[in-house]
Amino acid sequence: METFSHISRIDISDEEKEIIREAAVQECNARGYTSITDLPLGEIEERNYELSVTAVHNAVFRICLSDKFDKSGKIVMRKGDILDALTIMKEYCRTINKCSLDDLLNYEKELTGEVHRWIRWKRATLFWFV
């Protein structure tokens, strides 16, 4: 917190950039999205230890992916695709037999980095009627 850096000072190799791009393409082709936390960041976080994990994730997105991908929270998708946490959560609910509200809240936090109060009511309705 309160530590700033110019994006050009982020320590990331060309090989790491390519690995991250390829992983994002593969995941988006398979599922329609990926989470920035699921991308193979290797040692990038450790080498840029003076920055927060969120700052490193944002820098990696800008450096590696922003030309062909959009990001909403932690969700990375192809440019022009429209996808949000609620849509992903609906699909998730269709693939499971049961889960608790805490499970859904944790899944949302995994996707977005936080729990949004506005999704809760929609999610609760979705949970009971899917």
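Does leucine 41 count as buried or exposed, and what is its relative accessibility — or, put simply, which of the two words fits leucine 41? In this model, which is a predicted one, leucine 41 counts as buried, because its relative accessibility is 7% and the cut-off for that word is under 20%.

Let me stay with this residue for a moment. Leucine 41 sits in the loop between strand E1 and helix H2, the latter covering 44-47. If we set aside the neighbours within four places in sequence, leucine 41 is in contact with Glu16, Ile20, Ile36, His57 and Val60. There is also isoleucine 19, which is 22 residues away from leucine 41 in sequence, while the C-alpha atoms of the two are 8.7 Å apart in space.

Let us turn next to two of the helices. The axes of H1 and of helix H3, which spans residues 53-65, come within 10 Å and cross at roughly 85°. That makes H1 roughly perpendicular to H3, because angles from 65 to 115 degrees are given that name. Where the two helices meet, Lys17, Ile20, Arg21 and Ala24 are the residues on the H1 side, and Val60, Ile63, Cys64 and Leu65 are those on the H3 side. You may recall Ile20 and Val60 from a moment ago, since both are also among the contacts of leucine 41.

Now to the charged residues. As a general point, side chains of opposite charge can pair when their charged atoms come close. How many salt bridges does the structure hold? There are nine of them, and I will go through a few.

In the first example, the side chains of aspartate 14 and lysine 17 meet in a salt bridge, with 3.5 Å from N to O. Both residues belong to helix H1, residues 14-31, where they lie three residues apart, about one turn of the helix. Aspartate 14 is exposed, because its relative accessible area is 60% and the word applies over 50%.

Another pair in H1 is arginine 21 with glutamate 18, whose side chains form a salt bridge at 3.7 Å, N to O. Being three residues apart in helix H1, these two, arginine 21 and glutamate 18, are likewise separated by about one helical turn. Arginine 21 is partly exposed, at a relative accessible area of 28%, and glutamate 18 is partly exposed as well, at 37%.

A further salt bridge joins the side chains of aspartate 70 and lysine 79, at 3.2 Å from N to O. Here aspartate 70 is partly exposed with a relative accessible area of 28%, and lysine 79 is partly exposed with 44%. Finally on this topic, Asp11, Glu16 and Arg47 are linked in a network of salt bridges, and Glu16 is one of the residues in contact with leucine 41.

Aspartate 70 brings us to the sheet. Strands of a sheet pair through backbone hydrogen bonds, either parallel or antiparallel. In what order do the strands of the open sheet run? The sheet has three strands in the order E1-E3-E2, and the pairing is antiparallel. The edge strands are E1, residues 34-35, and E2, each of which pairs on one side only.

Looking at the pairs in turn, strand E2, residues 69-72, and strand E3, residues 75-78, pair in the antiparallel sense over four bridges. Phenylalanine 69 stands opposite arginine 78 of E3, and serine 72 has isoleucine 75 in E3 as its bridge partner. The hairpin of E2 and E3 has two residues between the strands, and in it glycine 73 takes a positive phi near 65°. On the other side, E1 and E3 pair in the antiparallel sense over two bridges, and here serine 35 has isoleucine 75 in E3 as its bridge partner.

I will end with helix H4, residues 85-94, in which Ala85, Leu86, Ile88, Met89 and Cys93 are buried. Seen down the axis of H4, these buried residues fall within an arc of 160°, so they line one face of the helix.

Technical notes: Residues numbered from 1 in each chain as written. Predicted model: local features only at pLDDT ≥ 70, side-chain atom pairs only at ≥ 80, totals over all residues. Heavy atoms only, no water. Salt bridge = Lys/Arg side-chain N within 4 Å of Asp/Glu carboxyl O. Buried < 20%, exposed > 50% of the residue type's maximum accessible area, 1.4 Å probe, protein only. Arc of directions from axis to C-beta. Pairing = 2+ DSSP bridges. Axes fitted to C-alpha atoms, helices over the stretch in contact; angles between N-to-C directions. Parallel < 35°, antiparallel > 145°, perpendicular 65-115°, else oblique. Contact = heavy atoms within 4.5 Å.
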